[in-house]
Amino acid sequence: MSSIYLCNELWYYQTYIPSSTGKKKVQRSLRTKDKSVALRRQKEFDEKLLREQIQFSNRRKFKDSVKDYLTHRTKLSEGGQLSSHTLRSDKGSLKEFEKFLETLPKVVHLNEFDDSDRALELLQGFVDHRRAQKVSPNTIRRDLRHLSIMFTHFVRPPHRVLSQNPLTNFQLPRAQERISLPDQKDWLSLRSYLRNQIENGKADLTEQVVFVQIETGCRISEVLKLKWSRQDTDVSGSGDQWSTLEKGNSQIRIYSKRRERVVPISKLGGLKKFFDGIQNDSEEGWVFPSPRTGEPLNISQFSRSFRALLKKAKITKTFSSHGVRHGFISFLVNSGLSSDQIGWIVGHSSSEITRIYSHPDAGSLSKILSKLK
């Protein structure tokens, strides 16, 4: 931020600008004794320096701009303003874009994205590159979304090294339709299979995780990252999601999507007895650590195991672990709970989201219609 000061009855301009060695002090005489004139000339100097900075910054290599941006995002994550999951997604998507740029014959600079034709050429080239890798449209859309957030960062003050976000009018690849969801028959069959495996002490790690999810309706990440006790870093208002057992394994406290909730489990499908019987030596306190790394399984690893579980349970319909959450919510709807009650249990921010998740079965709808007689 610039300032003006009076010296020997003349107004002077002063500010600091970035340089290769840190910050450089800039001072100029405004050649006037009139403060109103000095203020006008201060604004003119500010605009001139900004144009020069933009011109200088735009010539930076794109990969250097990415490095600066990720440094900024890391600071946000460390300050609790950004989740570590979002930061990892940032890094992954931007790394893929950098890999694409490395295949080009010339080094790409940030200012090239201010040319609409050049920006379109680069962005469309990236989409084609990812398609050639057999990447799904949803993954490409995710990559472009993280790229767009970075461009917006460089459009807004105080950075402002781009005049506009080049992705604003870019046509994104069409999203794939959502994977199919379990009907209540499949969901109940899976729950019955898991309860039997747990009761007989035959459940493997994947079956144990899904057992907890199907009995509570938690997001799969909330179960995978479940801890035996709350750590000092597990605080509401932080950017990271956490979940922990409490009160002698009789309830789960969860912080996710910037909302905290408690799920009582003492009367849910023998969950307390199940947790009381688990034995592991995780140094970090994870309930479901990977036998290989000691850390929670990541979603990709778990997705492969979940598909194998469906085959073992003889569920012919294919759906993701998130479909288990849909099935749980539909089960509560069919059991007569209200959208607000269900939202409290599963951590939805509004009843509208709960309605999107709920899929009443024909039997429940038939009961509703029978009341119209």
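How exposed is Lys 99, in terms of relative accessibility? In this predicted model, Lys 99 comes out at 38% relative accessibility and so counts as partly exposed, since the partly exposed class runs between 20% and 50%. Its salt-bridge partner is Glu 96, with N and O 3.9 Å apart. Glu 96 falls on the other side of the lower cut-off: at 16% it counts as buried. Both residues sit in helix α3 (residues 84-102), spaced 3 residues apart, or about one turn of the helix.

Before going further, a word on confidence. The protein chain has an average pLDDT of 85, and 89% of the residues score at least 70. Among its elements, α7 has the highest mean pLDDT, at 94, while helix α14 (residues 362-370) has the lowest, at 52.

Back to the charges. The whole structure holds 19 salt bridges. One of them ties Arg 130 to Asp 143, where the closest N and O atoms are 2.9 Å apart. This pair links distant parts of the chain, with Arg 130 in helix α4 (residues 116-132) and Asp 143 in helix α5 (residues 137-155), 13 residues apart. Arg 130 counts as buried because its relative accessible area is just 6%, and Asp 143 is buried too, at 2%. Another salt bridge brings together the side chains of Lys 227 and Asp 234, at 3.6 Å from N to O. Lys 227 has a relative accessible area of 11% and is therefore buried; Asp 234, at 4%, also counts as buried. Shared partners build a wider arrangement elsewhere: Glu 96, Lys 99, Arg 130, Arg 142 and Asp 143 are joined by salt bridges into one network.

On the nonpolar side, the largest core has 41 residues, and the members touching the most others are Leu 190, Phe 274, Phe 275 and Phe 288. Elements giving two or more residues to this core include the helices α6 (184-199), α7 (205-216), α10 (299-312) and α11 (321-334), along with strand β6 (251-256). Nonpolar side chains in soluble globular proteins tend to be buried together. Phe 288 gives a good look at the packing. Setting aside neighbours within four places in sequence, Phe 288 is in contact with Leu 205, Gln 208, Val 209 and Val 212, with Val 223, Leu 224 and Leu 226, and with Phe 274, Phe 275, Ile 278 and Pro 296. A separate core of 27 residues lies apart from the largest one, and its members include Val 66, Leu 94, Leu 110 and Leu 144.

That leaves the strands. In β5 (residues 242-246), 5 of the 5 residues are buried. Side chains in a regular strand alternate between the two faces of the sheet. In β5, Trp 242, Thr 244 and Glu 246 point one way and Ser 243 and Leu 245 the other, with all of them buried. Strand β4 (residues 226-227) runs parallel to β5 and is joined to it by 2 bridges, with Leu 226 partnered by Ser 243. The pairing of β5 with β6 is antiparallel and spans 5 bridges, one partnership being Thr 244 with Arg 253. These two strands, β5 and β6, make a hairpin with 4 residues between them, and Lys 247 in the turn takes a positive phi of about 50°.

Definitions and conventions:
Residues numbered from 1 in each chain as written. Predicted model: local features only at pLDDT ≥ 70, side-chain atom pairs only at ≥ 80, totals over all residues. Heavy atoms only, no water. Core = buried A, V, L, I, M, F, W, Y, C linked by side-chain atoms within 4.5 Å. Buried < 20%, exposed > 50% of the residue type's maximum accessible area, 1.4 Å probe, protein only. Contact = heavy atoms within 4.5 Å. Pairing = 2+ DSSP bridges. pLDDT = per-residue confidence, 0-100. Salt bridge = Lys/Arg side-chain N within 4 Å of Asp/Glu carboxyl O.
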